[in-house]
Amino acid sequence: MSTPPRVSVLVAAYNGEAFVGEALASLGAQTFRDFEVIVVDDGSTDGTAALVAKLAARDERFRLIRQANGGTQAARNAALAGARGAWVALLDQDDVWLPQKLEAQITLADADPRANLLFTNYRVWDGTRTLGTRYTRRDKFPEGNVAVGLARSCLFQASTVMVPRALAVELGGFDPTLRNAGDWDLWLRVAERGIHARGSFEPLVLYRVWGGNESRNHVRTADESVRVLEKSFGRPQAAPLRAACARALPHARARLELARAGARLDDPAFV
């Protein structure tokens, strides 16, 4: 068996033929080359698997796993089970990494051995135009012990994050019942162990917004936020994090009721 790579990139793909080629091409353009890519085709009915298989035949770093449809988190878990890298990074099928993304994060990891969650800033993008940048102020950039902030919201977009593979496995990977919030749930479990986040303030990921974004289902997103927080009370937590989760939960429940009310009124802002 070849020497394990430094990074394993996990890609969950479902009917992503329109975008996944661009996402995977951005991996091939990375300036840091010591990585593998595990793409799990989650029961696609389009040409996603064929597209990935063609790429894998040209580049041995890319590997395709096919499974029956089980959702994003189940696909991520299948990729995690096959990963060999010291770090695992997520890339959603409709997002794009800029060429220096992995290099910047590995540099951060080498400079700070305490780091157990690496991330980057990102641009919101419609495939053509930049619509905004997530963090515009350095003093609001979430580095270090950000456990309390994570109780309030998911601070890190999935495609920007890397965590130690051993830690992700030890924590049980991703909750397959959380279609939208499985990444936030895992980051919160990392925080319960003691989080030290390090990030690149330079935006190195393009987060694509389009009609197929999972987060556009506002009722499901709000419901899963409540479930993430409710789940957390069943695990040991330091007092400041427990208090922050307790403060956040009523607000999450209120947002869920608002989303449900909007959906009942057929308000397109909530459906």
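The following conversation concerns aromatic contacts and one pocket in a predicted model.

Trainee: How many aromatic pairs are there in the whole structure?
Mentor: A search finds 6 aromatic pairs. One of them joins Phe-119 and Phe-156, which are tilted, with 4.6 Å centre to centre and 50 degrees between the planes.

Trainee: Where do Phe-119 and Phe-156 lie in the chain?
Mentor: Phe-119 belongs to strand 6 (residues 117–125), while Phe-156 is in the loop between helix 5 (147–152) and strand 8 (162–164). The two are 37 residues apart, and the pair links distant parts of the chain.

Trainee: Are they buried or exposed?
Mentor: Both Phe-119 and Phe-156 are buried.

Trainee: And what geometry do Phe-141 and Phe-201 have?
Mentor: Phe-141 and Phe-201 form an edge-to-face pair, 5.2 Å centre to centre with 90 degrees between the planes. Phe-141 lies in the loop between strand 7 (130–133) and helix 5, and Phe-201 in strand 9 (residues 197–208), so the pair ties together parts 60 residues apart in sequence.

Trainee: Why does Phe-201 count as partly exposed?
Mentor: Its relative accessibility is 26%, and partly exposed covers values between 20% and 50%. Phe-141, in contrast, is buried at 7% relative accessible area.

Trainee: Which residues do the ring pairs link into a cluster?
Mentor: The cluster consists of Phe-119, Tyr-135, Phe-141, Phe-156 and Phe-201.

Trainee: Changing topic, what classes of residue line the second largest pocket?
Mentor: Its lining has 7 charged, 3 nonpolar and 1 polar residues. Among the lining residues are Arg-33, Asp-34, Glu-60 and Arg-84.

Trainee: Which strand gives the most to that lining?
Mentor: Strand 2 (residues 35–42) does, with 3 residues.

Conventions: Residues numbered from 1 in each chain as written. Predicted model: local features only at pLDDT ≥ 70, side-chain atom pairs only at ≥ 80, totals over all residues. Heavy atoms only, no water. 1 Å grid on protein atoms, 1.4 Å probe; cavity = no way out; pocket = protein on both sides within 12 Å on 5 of 7 lines; lining within 4 Å. Helix = DSSP H or I, 4+ residues; strand = E, 2+ residues; numbered from the N terminus. Nonpolar A, V, L, I, M, F, W, Y, C, P; charged D, E, K, R; others polar. Phe/Tyr/Trp six-rings, centres within 6.5 Å; stacked < 30°, edge-to-face > 60°. Buried < 20%, exposed > 50% of the residue type's maximum accessible area, 1.4 Å probe, protein only.
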